[in-house]
Amino acid sequence: MNFDEIIDRRGTHSAKWDMMESLYGVSPDEGISMWVADMDFRPPACVTAELQAMVDHGVFGYFGDDAAYKASIDWWMRTRHGWTVDPDWIFTTHGLVNGTALCVHTWTQPGEGVVLFTPVYHAFARIIKAAGRTVTECPLALVDGRYEMDFEDAASRLTGNEKLVVISSPHNPGGRCWTEAELRALGEFCKAHDLILVSDEIHCDLLFPGQTHVPAIKALPDMLDRLVMMTAPTKTFNIAGAHNGNVIIPDATLRAAFGATVLGLGISPSSFGLNMETAAYSPEGAEWVDALMVYLDGNRRIFDAGVNAIPGVRSMDLESTYLAWVDFSGTGMETDEVIRRIQQDAKLAVNHGATFGLGGDSYMRFNLATPRVRIEEAVKRLQKAFADLQ
Ligand SMILES: Cc1ncc(COP(=O)(O)O)c(C=O)c1O
């Protein structure tokens, strides 16, 4: 576990490093990539050893007998989140964007709507719209510098055509860990408006010290007939390329409907992802995540202190995720000028807040999961790029 090691990812078909120039005009040779949510770290050794064992064996046939894989999910959820999952509730998909898309196809018809609390992970709106459904954007309220769901405002935005709500729990961006009370209030909102809740919990293990993740199924035992919960090892262990995720559905009727979609679309994830996940959900994996979060907490503190020292710039206090969410509205600058300074002057590739939907315009999202020297360098470059504000 050496999170300080610089691993050159250029030329490895890494989206983060090999697409930064085409997307953001920042060369990987002199720039720092801080956009898409994967980490510049190797996964725990137990994961790499599992892949190595597959390579050594050398036969790559179909995957079968998922008992150990499902038991590892139950072990992980029990030991990390105090919640037991029935193996029969678990479907495996090609990641959670795929999981979300399958939910949209299962429980909405073309032209029907999906509620999103924005700003939120941009792929949600993208796949909903691509499927010919509509998005009802409900902006999160900023209360004492952190996001809260505003159900009164959200209710006023509904058209009556919505069938689903998709949330990110913890929330990306902004890193909120929704509390049990907040999830229960959301449950009441879903019941009142006859909506199915899809809770995407891909960030649930990336918790900063003192934070707790509440699984939706644990918070809402009286709402299982309209609840879908999704988890994945890919963010936690930096194995996004394995591209698998779990869609967990307690209710038999919902499960039958989702199962029909999975069957109809021929969804059948690869043995690589399933074996990597089984290896990761282990005591060694747990120890690695604990060390990772201590390291990321250090990165977060350095980054926040550095950027908050720039007048008019404010990084939100993260409870979870390694994705700093930074508001530049206090600088009084146009967003184009903020982007120009970040990309052209500081040579940082970051996600633009506007892509996350209503409320995201004045924000930029910075991925902090990289060796600390890069965070220190990024802070220096930002301070220099905005030096005229001092
Ligand atoms: C909330 C959320 N869901 C899903 C994903 C991506 O999921 P996958 O790679 O499993 O498709 C991300 C990636 O950042 C995310 O933030």
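Leaving aside its neighbours within four places in sequence, with which residues is Arg255 in contact?

**View 1. Surroundings of Arg255 in helix α10 of the predicted model.** Arg255 lies in helix α10, which spans residues 252-264. Once the neighbours within four places in sequence are set aside, the residues in contact with Arg255 are Asp88, Trp89, Phe91, Ile249 and Pro250. Arg255 is buried and yet has no salt bridge, since Asp88, the nearest side chain of opposite charge, is 6.4 Å away, and a salt bridge would need a side-chain nitrogen of Lys or Arg within 4 Å of a carboxyl oxygen of Asp or Glu. The side chain of Arg255 does, however, reach the backbone oxygen of Pro250 at 2.8 Å.

**View 2. Strand β8 and the strands β7 and β9 that pair with it.** Strand β8, made up of residues 196-200, is mostly covered, with 5 of its 5 residues buried. Ile196, Val198 and Asp200 point one way from β8, whereas Leu197 and Ser199 point the other way. In a regular strand the side chains alternate between the two faces of the sheet. Strand β7 (residues 162-168) pairs with β8 in the parallel sense over 5 bridges, and within this pairing Val165 stands opposite Leu197 of β8. Between these two strands the chain passes through helix α8 (residues 180-192), and the resulting β-α-β crossover from β7 to β8 is right-handed. Strand β9 (residues 227-231) also runs parallel to β8, the two being joined by 4 bridges, and here Leu197 stands opposite Leu227 of β9.

**View 3. The open sheet that includes strands β11 and β12.** This sheet is formed by 5 strands in the order β1-β13-β14-β12-β11, and its pairing is mixed. The edge strands, each of which pairs on one side only, are β1 (32-34) and β11 (314-315). At the β11 edge, β11 pairs with strand β12 (residues 323-327) in the antiparallel sense over 2 bridges, and the bridge partner of Ser315 in β12 is Val326.

**View 4. Asn238 in the loop between β9 and β10.** Asn238 is placed in the loop that lies between β9 and β10, the latter strand being residues 245-248. Asn238 counts as buried because its relative accessible area is 13%, and buried means under 20%. The side chain of Asn238 reaches the backbone oxygen of Met39 at 2.6 Å. Leaving aside neighbours within four places in sequence, Asn238 is in contact with Asp38, Met39, Asp40, Phe41 and Pro233.

Note on methods
Residues are numbered from 1 along each chain as its sequence is written. This is a predicted model: local features need pLDDT of at least 70, side-chain atom pairs count only at pLDDT 80 or more; totals for chains, interfaces and linings use all residues. Side-chain values use heavy atoms; hydrogens and water are left out. Buried means under 20% relative accessible area, exposed over 50%, partly exposed in between (1.4 Å probe, protein chains only). Lys and Arg count as positive and Asp and Glu as negative; His and the chain ends are not counted. A polar contact is a pair of N or O atoms within 3.5 Å; within protein, one must be able to donate a hydrogen and the other to accept it, and residues adjacent in sequence count only if both atoms are side-chain atoms. Contact means heavy atoms within 4.5 Å. Two strands pair if DSSP finds at least two bridges between them. A crossover is right-handed if, with the strands pointing away from the viewer, the path from the first strand over the helix to the second runs clockwise.
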